[in-house]
Amino acid sequence: MSKQILITGGAGYIGSHTTVSLLEAGHEVVIIDNLSNSSIESINRIQLITGKSPIFIEGDIRDTDLLDRIFTKFNIEAVLHFAGLKAVGESVEDPIKYYSNNVCGSLSLFQAMAKADVFRLVFSSSATVYGEPDNMPISEDFLTGTPTNPYGKTKLVVEQIIADLVQADRRWSIASLRYFNPVGAHPSGLIGEDPQGIPNNLLPYISRVAIGELAELSVFGNDYATPDGTGIRDYIHVVDLAKGHLKSLHAIFHKTGMYIWNLGTGKGYSVLEMIAAFEKASGKSIAYRIAPRRAGDIAECWANPSKAAEELLWEAELGLDDMMIDTWRWQSSNPQGYDS
Ligand code: NAD
Ligand code: UFG
């Protein structure tokens, strides 16, 4: 009987790119997604890119009966867990929604996995669990901090639950991947980030200015202690991130315990550098104005990615130009995202 990888949230931005990587590597994939922040069209596009079809189940990971049925019906050998909500501002306004989806959802999944004797898991964590470290770059042995919002706290809580799970039962084998700032899109232009409403994140916002849907970008603060005064982040191409998942999945196959890996490039770029790079790639000029700092933002955040390089033999290969060219290809050929 063939084996499958279960991908929660596989219709979403990072999950869809990772599904492509897994299908191309010869894995069979089952996706569960409630489509609360994604479109079924992304599944059709995955098929167009790979010529293969993931099995898609529309449903919520908090539906324990549905999870039990999935684990009974399929021969799941590992789970990649992307399903969750990620809008920082919304999490401040509606913390129950975030703790319910991200924490209760994860617990429901872990329970169903244990019941089905499936103990391999790759979890989508975030660099936000480091809080505001004193030094850069950030290594995995830095202490975790206090995230400034409920979204970030849900990631930290789930990491703590995972640490308790592996202590309690030695059969668990879990990778927690701390992403830095995922950007870009598949080079086919067929799948990419499709935020609902006004985007929160920098590059989706810049893209909407470029297609004329938004008038100008607000640059949140130019008085940080950085070379040009604007915030610095470690932007990582989503295709590199997807490959990092494949390597992590293979790495945990014959181990047990909890493994934490930073997935970043090790390079930081400022907001103004990002605007200039996007303008160069797209040939569009981006109107912007300097606005006050955004609450909860930190001045700089970039990874020391050497642990993943040594232990996974994984390094980000794509640079800033690729991130911008691929973002622009996706945005300009799908101006309304998957509704285009
Ligand atoms: P996304 O919103 O595009 O994808 C998440 C998917 O999960 C969506 O398709 C959504 O419909 C689905 N989903 C949400 N709640 C669900 C539930 N209860 N049951 C079933 N499906 C559900 O987000 P993304 O950018 O692809 O992020 C994937 C994961 O990575 C998330 O857990 C996110 O918190 C984490 N992460 C993202 C970033 C980022 O900047 N994109 C950074 C760090 C960590
Ligand atoms: N920025 C602007 N204008 C905007 C949007 C962002 O100037 O309209 C700036 C921010 O101030 C920051 C940089 O661009 O300096 C990046 O901001 P993003 O919102 O794109 O990303 P963040 O680093 O704030 O947040 C991301 C994820 C979170 C995650 C966090 C830490 O969106 O989910 O990284 O991992 F928690």
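Start with the second largest cavity of this predicted model, which is lined by H81, F82, A83, N102, S106, F123, S124, T154, K155 and V158. The space enclosed there comes to about 50 Å³.

Where does that lining come from? Three elements each put in at least two residues: helix 5 (95-115), strand 5 (120-126) and helix 6 (150-168). Helix 6 has the largest share, with three residues of the lining. By residue number, T154, K155 and V158 are the lining residues that fall in the 150-168 stretch of helix 6. Strand 5, spanning 120-126, takes in F123 and S124, while N102 and S106 sit within the 95-115 range of helix 5. As for chemistry, the lining of this second largest cavity splits into four nonpolar residues, five polar ones and one charged. The charged one is K155.

Now move over to the largest cavity, with its volume of about 80 Å³. Its walls are made by Y13, V183, G184, E193, L203, P204, S207, T327, W330 and Q331. Two helices each hand over at least two of these residues, namely helix 7 (202-210) and helix 11 (320-333). Go by the numbering and you'll find L203, P204 and S207 in helix 7, with T327, W330 and Q331 in helix 11. The lining here divides into five nonpolar, four polar and one charged residue, and E193 is the charged one.

How many cavities of 30 Å³ or more are there in total? The count is three, and the two toured here are the largest and the second largest.

Notes:
Residues are numbered from 1 along each chain as its sequence is written. Chains are lettered from A and ligands numbered from 1 in the order in which they are written. This is a predicted model: local features need pLDDT of at least 70, side-chain atom pairs count only at pLDDT 80 or more; totals for chains, interfaces and linings use all residues. Side-chain values use heavy atoms; hydrogens and water are left out. On a 1 Å grid over the protein atoms alone, a cavity is a set of points where a 1.4 Å probe fits but cannot get out, and a pocket is an open set with protein on both sides within 12 Å along at least five of seven lines; lining residues have an atom within 4 Å of a point. Grid points are joined across faces, edges and corners, and a volume is the space filled by probe spheres set on the points. Helices (H or I, at least four residues) and strands (E, at least two) are DSSP runs, numbered from the N terminus.
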